[in-house]
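Hi,

Here is the structure I promised to pass on. Have a look at it first, then read my notes below.

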Amino acid sequence: MNTVVQDDASNPSIVDDEVLHALARRSLGVDTEFVKALGIAPTDKELVHASGPMRLYRYKRSTPAVHPLPLLFVMSLINRYYIVDLARGRSLVEYLLSVGYDVYLIDWGRPRAAHSRQGLEHYVQQAIPECMERVLEDSGESKLTMVSYCLGGLLALLYAALHPRGPLKNLVCLATPVNGEGLTNLRAWCSRSDFDVATLIDGSGNVPPEKVLIAMQLLRPLQQTASEVTLLGHVGDRARTTDQLRLAYWVGDQVPFPGTAMRELVQGLLRDNDAMGQGMKVGRRRARLDAIKVPVLHVAAEHDHIVPLASCSDLVGRVCSKDKQQIVVKGGHVSLVAGRNAQRRLWPELHKWLEPRSQQRSH
Amino acid sequence: MDDYLALWSDLLTKPEATLSEQLVALTRDDVFAPLVGKQLLLAVHARELLGERISHALSAANLPTKTELAAINERLASLEDGVASVQAYVTRLEKRLSRADSVVAPMPKRPSAPSRTSRKKLTGGML
């Protein structure tokens, strides 16, 4: 039964995703024989907090942390968390543990009908502060650093804008969209007056994962075919083939997008481009990027087709931090954080930036 | 053989980015972009219709429908969420207890026996 999930994960149109998961459910939805063989999400972790489908994990260390300030990963709403813990030797989390950080991660899980009304306010004003509180309690520190990826970066920015006196000490954003005008294709499809967001939402009130996947594939329609052809060319190279299969599995393992959050993002980010103007609406408040004063690092990928440079390169200019930096590395949206290139390009840069900002004990 | 495969692979993969960009550019124009919305709407209606038909067929065959399976999924997932909350709470309690243990003052030591020399002195005095 587990094998069914892995076969169909990349082809969810055969049977509905929710039905598949109902039939072959395991604790994290990734604990199948196929995933075991790929060695995905290998780093030992413990559950620190759970609320609805959301889980907060602490990755286990064998030695005490060298850098006292804990790192909290804020992941995207549309993908699984394990892109930062893909496999042994290919895991950003493993690397950060090895260079002495205490690492925590928020996995948003698979939202269901009961969570379809969770909008930006839920994530920014409730879930993230709750997780931060738990991290501080668990680590015994009073400040932390957030490392965020893609839409998780936008959530982290909104949090930082609305909580200038909060326990956030540093903010790292990886490929984080702030300028809707730069998301040219998504904007062209979704911002037309004759486009109804409701058509994306299914009976559960969420955007089903297959629609999210199709939208991502439409942004670069021939990429999947090209990577399958490349895979065929390297079929004798076990390590490379396994690496590619891991990434392909992750790409196919989409989660439903909470309907309310989707509506708010289409309106605020794509149609009104609020992050660049009066600030994104979070509940009744506006989160203006210029309210952010903490040290900020933004890392963008030169050939990112999901979050193109034009959609994220304004981030650093918009925040009012004295200590801010943007790094543009070669690669695409996924190869920015995972894979061989990320190991050479992003990871050392990240450590270089974090190290001097994580030394001081916060109390 | 390998050369042919490599040639074929190169032919397909090298211009991929450019070709993809050209295709996507087509989807942005005023003819295609409105179609995205219309196609989606059409797909939603088709899906609803198909869903209804399949549900009737499954019910007639006394088999669980998609809605029923989704309801089971919802209940199982809620149970999992509950178990995870308890698990996280237990972990937190364990940590608090272990921290409390480490800061609790050590048990008072049993009073050590008086040294032999003092005992001798005492004994000597009594005698």
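Let's start with a question: which residues of α14(A) are buried? They are A:A342, A:L346, A:L350 and A:L354. Look at the spacing of those numbers, and keep in mind that residues three or four places apart in an α-helix point the same way, because there are 3.6 residues a turn. The elements that cover the buried residues of α14(A) include the strands β5 (144–149), β6 (168–174), β11 (296–301) and β12 (324–329) of chain A.

Before you go further, please remember that this is a predicted model.

Stay with α14 a little longer. The helix runs over residues 340–357 of chain A, and at 1.5 Å a residue its 18 residues should span 26 Å. The end C-alpha atoms are 26 Å apart, so the expected span and the model agree. There is still a bend of about 30° at A:L346, with a proline, A:P348, following within four residues. So A:L346 turns up twice: α14(A) bends there, and A:L346 is also one of the buried residues.

Now for chain A as a whole. Its secondary structure comes to 14 helices and 12 strands, and 52% of its 363 residues count as buried. If you take the contacts in chain A with a separation of 6 or more, 78% of them join residues 24 or more positions apart.

What about the core? The largest nonpolar core has 111 residues, and those touching the most other members are A:L72, A:F73, A:Y104, A:I106, A:L155, A:L158 and A:V337. Helix α6 (residues 151–162) of chain A gives the most to this core, with 10 residues. A:Y104 is a good one to click on: leaving out residues up to four places away in sequence, A:Y104 touches A:V48, A:L56, A:Y57, A:R58, A:P70, A:L71, A:L72, A:F73 and A:V135.

Next, where the two chains meet. Here 38 residues of chain A are in contact with 35 residues of chain B. On the chain A side, α2 (17–23), β1 (45–51), α7 (184–190) and α9 (223–233) each supply at least two residues. That side divides into 17 nonpolar, 10 polar and 11 charged residues.

One residue with a partner in chain B is A:P53, which touches B:D81 as well as A:W108, A:G109, A:R110, A:P111, A:R112 and A:H115, not counting residues up to four places away in sequence. You'll find A:P53 in the loop between β1 and β2 (54–59) of chain A. Is A:P53 buried or exposed? It counts as buried, because it has 23 C-beta neighbours inside 10 Å and the cut-off is 20 or more.

Finally, two residues to compare. A:A41 has a phi near 50° and B:N62 has a phi near 60°; each is a positive value in a residue other than glycine. A:A41 is in the loop between α3 (33–38) and β1 of chain A, while B:N62 is in the loop between α3 (32–60) and α4 (66–103) of chain B. Their surroundings are worth a look too: A:A41 is buried, with 22 other C-beta atoms within 10 Å, whereas B:N62 is exposed, with 6.

While you're in chain B, note that it is divided into domain 1 (32–63) and domain 2 (65–102). The centres of these two domains, taken over C-alpha atoms, are separated by 35 Å.

Cheers

Definitions and conventions: Residues numbered from 1 in each chain as written. Chains lettered and ligands numbered in written order. Predicted model: local features only at pLDDT ≥ 70, side-chain atom pairs only at ≥ 80, totals over all residues. Core = buried A, V, L, I, M, F, W, Y, C linked by C-beta atoms within 7 Å. Buried ≥ 20, exposed ≤ 12 C-beta atoms within 10 Å, placed from the backbone. Contact = placed C-beta atoms within 7 Å. Domains from an automatic or database assignment. Expected span 1.5 Å × (residues − 1). Bend = angle between axes of the 7 residues up to and from the residue. Nonpolar A, V, L, I, M, F, W, Y, C, P; charged D, E, K, R; others polar.
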